[in-house]
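Here's a quick tour of a small set of features worth having in view while you look at the model. Have the sequence and the 3D view open side by side.

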Amino acid sequence: MSGALKAQGVWAGWFDEQVVYEDACMAGVVKPQGLPMHGDVSDPSFLSGLPHVLQPARVLGALPWPQHVHRLDLPTGGLVLVAKTHAVQVCNVRVV
């Protein structure tokens, strides 16, 4: 969990201690049960919380914001792979 940020605001409590791996290109983040993968601006979601707990990618091919590689349903919790670069996003889509 090198360099993980501390969740603040509406994401505090959802993401605390949930980043299990992070490097410049990808991350592994635990999605808690009950947290939606997507949401609107007023509700916390897994995708909207990622920029608040991950370091920004500062490498060639960086995505504008982190993207999940696969989904977990609302009642399901578990590890989600997160792409921070285009290369990882494309590679993981082929594998998953």
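## A buried charged pair

Lys84 is buried, with a relative accessible area of just 4% in this predicted model. Its salt-bridge partner is Glu22, and the closest N and O atoms of the two sit 2.8 Å apart. Glu22 is buried too, at 6% relative accessible area. Since the cut-off for buried is under 20%, both ends of the bridge count as such.

Where in the chain do Glu22 and Lys84 come from? Glu22 belongs to strand β1 and Lys84 to strand β4, so to speak a long-distance call: the pair links distant parts of the chain, 62 residues apart.

## The other salt bridge

The structure holds two salt bridges. Besides the one just described, Arg71 pairs up with Asp73, with 3.4 Å between the closest N and O atoms. Asp73 is partly exposed, and its relative accessible area is 47%.

## Overall layout

Stepping back, the protein has two helices and four strands. Read from the N terminus, the order is β-β-α-β-β-α. Of its 96 residues, 34% count as buried.

Take the contacts between residues at least 6 apart in sequence: 56% of them join residues at least 24 apart. The accessible surface comes to about 5,500 Å², and carbon and sulfur atoms account for 61% of that.

## The nonpolar core

The largest nonpolar core has 13 residues, and those with the most contacts inside it are Val29, Phe46, Leu50, Leu54, Val80 and Val82. Two or more residues come from each of β2 (26-31), α1 and β4 (78-85). Which element gives the most? That's α1, with four residues.

Leu50 is found in helix α1, which spans residues 46-53. Leu50 is buried, with a relative accessible area of 0%. Its C-alpha lies 6.5 Å from that of Pro66, 16 residues away in sequence.

Val80 is worth a click as well. Neighbours within four places in sequence aside, Val80 is in contact with Ala27, Gly28, Val29, Lys31, Met37, Phe46, His68, His70 and Leu72. Val29 and Phe46 from that list are also among the core residues with the most contacts.

## A nonpolar patch on the surface

Now for the outside. Val20, Tyr21 and Leu79 make a nonpolar surface patch of about 290 Å². Tyr21 is found in strand β1 (residues 19-22), and is partly exposed, with a relative accessible area of 42%.

Definitions and conventions: Residues are numbered from 1 along each chain as its sequence is written. This is a predicted model: local features need pLDDT of at least 70, side-chain atom pairs count only at pLDDT 80 or more; totals for chains, interfaces and linings use all residues. Side-chain values use heavy atoms; hydrogens and water are left out. Buried means under 20% relative accessible area, exposed over 50%, partly exposed in between (1.4 Å probe, protein chains only). Contact means heavy atoms within 4.5 Å. Accessible areas come from the Shrake-Rupley method with a 1.4 Å probe; for residues, only the protein chains shown count as cover. Patches are made of residues with over 30% relative accessible area and no salt bridge: like charges are joined within 9 Å, nonpolar side chains (Val, Leu, Ile, Met, Phe, Trp, Tyr) within 5 Å. A salt bridge is a side-chain nitrogen of Lys or Arg within 4 Å of a carboxyl oxygen of Asp or Glu. A nonpolar core is a set of buried Ala, Val, Leu, Ile, Met, Phe, Trp, Tyr and Cys residues joined through side-chain atoms within 4.5 Å.
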